[in-house]
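Good morning, colleagues. Please take a moment to look at the chain on the screen before I go through it.

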Amino acid sequence: MTKQDVIEAIEYEWNAFAILAEDFPEESRVLPGAVGHWNVHESLLHVAAWDNEVKLLVEKFEATGEKPEWDGLSGDVIDDLNESQVAERRNLAPDLIWAHFRDTHQALVRFLETCEEHVFTEGTFTGDSIKAETWKHYQGHGQDLTRFKESL
């Protein structure tokens with residue numbers, strides 16, 4: 001996929017995820033179980049955290065060739081990282097959670113638009129990480145939200 005194709009896939013899937021989340025009535029957005037044990041608002045924080053991780057990952061790898069500390073770690077360590085990222089903002093008011101979700105994503109897209117084409121190449125660390133942690137990530141959690149909505 002080209003840089004433009006990747007950015008379009010990211011935007012399409014992020015918007016689909018956001019629409020799914022927005023479709024929940026406010027009272028359902030705080031019920032646990034939307035994504036694992038998280039509620040809808042916590043899932044927004046999780047997605048925003050990984051949008052930020054992708055930005056940091058690409059910046060660091062392009063500058064130094066170093067991968068993030070979490071790369072290759074076990075599921076439990078990643079679960080702990082995910083939980084700590086969500087916990088940092090869990091107590092924000094809903095409108096601030098949504099603002100953070102949108103602002104973090106916009107910062108990621110603006111950053112990716114400045115990157116060179118090679119950053120997006122499949123089979124490379126950055127290309128595969130971008131795919132896994134953005135549009136594929138949004139798709140997976142979008143499926144979680146769909147299942148959760150059907151269970152209500």
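I begin with a term that I shall use throughout: a residue is called buried under 20% relative accessible area, exposed over 50%, and partly exposed in between, with a 1.4 Å probe and protein chains only. What we have here is a predicted model, in which local features need pLDDT of at least 70, side-chain atom pairs count only at pLDDT 80 or more, and totals for chains, interfaces and linings use all residues. Residues are numbered from 1 along each chain as its sequence is written, and side-chain values use heavy atoms, with hydrogens and water left out.

Let me turn to the overall fold. The chain holds six helices and zero strands, where helices (H or I, at least four residues) and strands (E, at least two) are DSSP runs numbered from the N terminus. Read from the N terminus, the order of elements is α-α-α-α-α-α. The radius of gyration is 15 Å, close to the 15 Å that the globule rule gives for 152 residues, so the chain is as compact as a globular protein of that length. For that comparison, the radius is taken over C-alpha atoms, and the rule is 2.2 Å times the number of residues to the power 0.38. The C-alpha trace spans about 45 × 30 × 25 Å along its principal axes.

Of the 152 residues, 44% are buried. Contact, in what follows, means heavy atoms within 4.5 Å. Among contacts with a separation of 6 or more, 76% join residues 24 or more positions apart. As for the surface, the chain exposes about 7,900 Å², with carbon and sulfur atoms supplying 52% of it; these areas come from the Shrake-Rupley method with a 1.4 Å probe, and for residues only the protein chains shown count as cover.

I now come to individual positions. Is Phe 120 buried or exposed? At 2% relative accessibility, Phe 120 counts as buried, and its place is the loop between H4 and H5. Beyond its neighbours within four places in sequence, Phe 120 has contacts that include Met 1, Lys 3, Val 6 and Ile 7, as well as Gly 127 and Ile 130. Tyr 138, by contrast, is 18 residues further along the chain, and the two C-alpha atoms are separated by 17 Å.

Thr 126 belongs to helix H5, residues 125-133. This residue, too, is buried, at 2% relative accessibility. Which backbone oxygen lies 2.8 Å from a polar atom of the Thr 126 side chain? The partner is Val 119; a polar contact here is a pair of N or O atoms within 3.5 Å, where within protein one must be able to donate a hydrogen and the other to accept it, and residues adjacent in sequence count only if both atoms are side-chain atoms. Setting aside residues up to four places away in sequence, Thr 126 touches Leu 57, Val 58, Phe 61, Glu 62, His 118 and Val 119.

In helix H4, residues 94-114, we find Val 109, which is buried with a relative accessible area of 9%. Val 109 touches Ile 7, Ile 10 and Glu 11, again without residues up to four places away.

Helix H3, residues 75-87, contains Asn 82. Asn 82 is buried at 11% relative accessibility, and it is in contact with Trp 38, His 46 and Trp 50, leaving aside neighbours within four places in sequence. Between the C-alpha atoms of Asn 82 and Val 47, 35 residues apart in sequence, the distance is 9.6 Å.

I close with Leu 152, in the segment after helix H6 (135-151). Leu 152 and Ser 28 are 124 residues apart in sequence, yet their C-alpha atoms are 8.3 Å apart in space. Apart from neighbours within four places in sequence, Leu 152 is in contact with Phe 24, Ser 28 and Leu 31.
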